[in-house]
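User: I have a structure open and would like to learn how to read it. Could you walk me through it step by step?

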Amino acid sequence: MSTLLNLESVSIELSGNRIVDQLSLSLAPGDIGCLLGPSGCGKTTLLRAIAGFNPVSSGKISLHDKVVSSNSTQLATEKRNIGMMFQDFSLFPHLTVEQNIRFGIEDWSQSEQEQRVKELLLRIDLNGYQKRYPHELSGGQQQRIALARALAPRPQLMLLDEPFSSLDAELREILAHDVRHLLKEENITALLVTHDQQEAFAMADKAGVMYSGQLLQWETPYELYHEPTHELVADFIGRGVLLQGEVKDHKLHSAFGVIEHDDIKKHPNMLVNFLVRPDDIVLNKDSAMKAIVVGKGFRGSHYLYTLELSDTSRVLAVGPSHQPLDDGATVGIDVDFDHLVVFDASLCELPD
Ligand SMILES: Nc1ncnc2c1ncn2[C@@H]1O[C@H](COP(=O)(O)OP(=O)(O)OP(=O)(O)O)[C@@H](O)[C@H]1O
């Protein structure tokens, strides 16, 4: 399969500290990738290296099979044909919307510029806003114009670093969908950095979790959620808990009793931590397995309950919004694991 962006064992050092550590990932043309991870894990540093602002200390960054960064190559940022929208983006306040969008394509012919501005404004649903100034636009509109400005020259790759972080959650979700749609329409490959998992799930074809400069997994959002290959990914992505259990004779023994599942049929005997998502727990008043409601959070369409099991371990479960359960109530539960994800307990290294 062809790749547009390829990172091969990239390490980056800043002021003598290794910030990114032998990181590899690739993106196919037109794909949207998303990097998640806690603050300070090196996401921005990596994006800046792809853009050409940070040199790599070892490894290679290639665009369309052309090496643009290595310890012997450093192609200038302006020669990489990369569009950028970083956290501290700002539109030029003294320029109109149209002038802002034209900024990177001023060497195009007048008619091509006009055509491109028109096309982009239609795509971002802001046709008619050409003559407005940035202060006459809402935050979300400004963000869309900034994106149009970055996309105008048709970059081969778009880098987005927390582009919606200043907006409220509802607007972020709408914009995430809009931006995905726009990037797909323009067939532009993109790499996005975000703290927000919903944003990553809404936008990404491929997503990954970074910790301390390393990329722990690089998969579809579905696989990251359902089949994490590392406890830190399981802990970071989605809501869920890791419970202790023991795999014995290809069955899982835990507070839920004995569970048989295809995913552990070939597993050796060992103590494990296994992942329990809210969607693995089914409330069923007729079930013999009981749990106690020890907390609940209203989420509009549903409640998210914290349930205590017989061994005092706690799990999360979802219940309908219109029939809330009381704190302290005893409820029947079933477990229904689509995937049973287990980790060797002796290797578990969850942060506090
Ligand atoms: N110019 C620099 N010199 C030395 N260290 C730096 C420099 N820039 C960043 N760092 C350090 O590199 C680490 C990673 O920073 P980076 O901004 O890449 O993290 P991040 O994952 O993007 O965080 P956030 O999500 O908070 O934006 C941090 O510990 C930071 O202090």
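User: How many bridges join strand 4 to strand 5, and do the strands run parallel or antiparallel?

Analyst: Happy to help, and please keep in mind that this is a predicted model. The general idea is that strands of a sheet pair through backbone hydrogen bonds, either parallel or antiparallel. Here strand 4 (residues 58–63) and strand 5 (residues 66–69) run antiparallel and are joined by three bridges. To find the pairing on screen, look for L63, which stands opposite K66 in strand 5. Two residues lie between the strands of this hairpin, and H64 takes a positive phi near 50 degrees.

User: In what order do the six strands of the open sheet come?

Analyst: Reading across the sheet, the order is 6-7-8-3-9-10, with mixed pairing. Strand 6 (82–85) and strand 10 (214–219) each have a single partner strand, so they stand at the edges with one side left without a neighbour in the sheet. On average, neighbouring strands of this sheet are turned by 15 degrees against each other, direction ignored.

User: In which sense do strand 3 and strand 9 pair?

Analyst: Strand 3 (residues 32–36) pairs with strand 9 (residues 206–211) in the parallel sense, over four bridges. A handy place to look is C34, whose bridge partner in strand 9 is A207.

User: Which strands does helix 5 touch?

Analyst: Helix 5 (residues 169–186) packs on the sheet and touches strand 3, strand 7 and strand 8 (189–193). The direction of helix 5 makes about 140 degrees with that of strand 3. Helix 4 (residues 139–151) lies across strand 6 and strand 7 (157–161), and helix 4 runs at about 165 degrees to strand 6.

User: Now for the ligand: which residues surround it?

Analyst: A good habit is to list the shell, then look at individual contacts. The ligand is surrounded by L14, S15, I19, P38, S39, G40, C41, G42, K43, T44, T45 and H195. By type, the shell divides into four nonpolar residues, seven polar and one charged. Helix 1 (residues 43–51) gives the most to this shell, with three residues.

User: Where do polar atoms of C41, K43 and T44 lie relative to oxygen atoms of the ligand?

Analyst: Check whether backbone or side chain is involved in each case. For C41, a polar backbone atom is 3.1 Å from an oxygen atom of the ligand. For K43, an N or O atom in the side chain is 2.8 Å from a ligand oxygen. A polar side-chain atom of T44 also lies 2.8 Å from an oxygen atom of the ligand. As for burial, the protein covers 59% of the 640 Å² of accessible area that the ligand has on its own.

Note on methods: Residues are numbered from 1 along each chain as its sequence is written. This is a predicted model: local features need pLDDT of at least 70, side-chain atom pairs count only at pLDDT 80 or more; totals for chains, interfaces and linings use all residues. Side-chain values use heavy atoms; hydrogens and water are left out. Two strands pair if DSSP finds at least two bridges between them. Axes are lines fitted to C-alpha atoms, for helices over the stretch in contact, and angles run from 0 to 180 degrees between N-to-C directions. Contact means heavy atoms within 4.5 Å. A residue is near a molecule or strand if one of its heavy atoms lies within 4 Å of it. A polar contact is a pair of N or O atoms within 3.5 Å; within protein, one must be able to donate a hydrogen and the other to accept it, and residues adjacent in sequence count only if both atoms are side-chain atoms. Accessible areas come from the Shrake-Rupley method with a 1.4 Å probe; for residues, only the protein chains shown count as cover. Ala, Val, Leu, Ile, Met, Phe, Trp, Tyr, Cys and Pro count as nonpolar, Asp, Glu, Lys and Arg as charged, and the others, Gly among them, as polar.
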